Amino acid sequence: MTVVVDWVQAHLGFLPPQILVVIVSMLPVIELRGGIPLARLLMLPLWQAIVFSAIGNILPIPFILLFVEKVFDWLRPTKLFGPLVEKLEKRALSKSDGIKKAEFWGLALFVGIPLPGTGGWTGSLAASLLKIDIKKASLAILLGIAIASTIISLISYGVFAM
């Protein structure tokens, strides 16, 4: 992780650490699971780690919920992006069994349990592909982000902090 911090500071060090945490938390796959530990390494207080990583994690969610299907429909026929769209759809739907069974709580837990391949991005994609009501999906994803923030904060700052 220190390699990442060194790279971030070398290339983006002109930005305030809070903005760095927001940017890292916006990235797919990394999300707040990387943002909160980065905040810890940048020596931000816990409350800033949670607030700025949650903001970064939440920012892409409405765009994914509202526009991903339209973007996929537009990209699917292309030779360059068609296979990528299919791969993303298969990946999201393959991880969505728990979401289908208990929509709200399944989605909240899917986003909230910080495992590889889960999180706000994948949860939003799955919710959109499963046609879950946008209000229900948004609330479940926000709850999931709160759960993930708590778990990652305990690991990074609290009980299991190194």
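Which residues lie nearest the centre of the largest pocket? Here are some notes on that and a few other features, bearing in mind that this is a predicted model.

1. **The largest pocket.** To take the opening question first: Pro28, Leu88, Trp121, Thr122 and Leu125 lie nearest the centre, out of 16 residues that line the largest pocket. Its volume comes to about 360 Å³.

2. **Where the pocket lining comes from.** Four elements give two or more residues each to the lining of the largest pocket: helix H3 (31-41), helix H5 (61-75), helix H6 (82-94) and helix H9 (120-129). Of these, H5 gives the most, with four residues.

3. **Character of the pocket lining.** If you are thinking about the chemistry of this site, the lining of the largest pocket divides into 10 nonpolar, three polar and three charged residues.

4. **The cavity.** The structure also holds one cavity of 30 Å³ or more. About 50 Å³ of space lies inside the largest cavity. Its lining is made up of Glu31, Leu32, Arg33, Asn57, Val111, Pro114, Gly119, Gly120, Ile145 and Ala148.

5. **Where the cavity lining comes from.** H3 and helix H10 (134-156) each supply at least two residues of the lining of the largest cavity. The largest share is that of H3, with three residues. H3 is thus worth a look in both places, as this helix also gives two or more residues to the lining of the largest pocket. By class, the cavity lining has five nonpolar, three polar and two charged residues.

6. **A nonpolar patch on the surface.** Turning to the outside, Met26, Trp47, Val51, Ile55 and Leu59 form a nonpolar patch, and together they have about 440 Å² of accessible area. Helix H4 (residues 46-58) gives the most to this patch, with three residues.

7. **Trp47, one member of that patch.** Is Trp47 buried or exposed? This residue lies in helix H4. Trp47 counts as exposed because its relative accessibility is 53%, and the cut-off for exposed is over 50%.

8. **Arg76.** Which loop holds Arg76? Arg76 is found in the loop between H5 and H6, two helices that each give two or more residues to the lining of the largest pocket. With a relative accessibility of 30%, Arg76 counts as partly exposed, since that class lies between the cut-offs of 20% and 50%.

9. **A distance to check in your viewer.** Arg76 and Ile19 are 57 residues apart in sequence, and their C-alpha atoms are 34 Å apart in space.

How values were computed:
Residues are numbered from 1 along each chain as its sequence is written. This is a predicted model: local features need pLDDT of at least 70, side-chain atom pairs count only at pLDDT 80 or more; totals for chains, interfaces and linings use all residues. Side-chain values use heavy atoms; hydrogens and water are left out. On a 1 Å grid over the protein atoms alone, a cavity is a set of points where a 1.4 Å probe fits but cannot get out, and a pocket is an open set with protein on both sides within 12 Å along at least five of seven lines; lining residues have an atom within 4 Å of a point. Grid points are joined across faces, edges and corners, and a volume is the space filled by probe spheres set on the points. Ala, Val, Leu, Ile, Met, Phe, Trp, Tyr, Cys and Pro count as nonpolar, Asp, Glu, Lys and Arg as charged, and the others, Gly among them, as polar. Patches are made of residues with over 30% relative accessible area and no salt bridge: like charges are joined within 9 Å, nonpolar side chains (Val, Leu, Ile, Met, Phe, Trp, Tyr) within 5 Å. Accessible areas come from the Shrake-Rupley method with a 1.4 Å probe; for residues, only the protein chains shown count as cover. A salt bridge is a side-chain nitrogen of Lys or Arg within 4 Å of a carboxyl oxygen of Asp or Glu. Buried means under 20% relative accessible area, exposed over 50%, partly exposed in between (1.4 Å probe, protein chains only).
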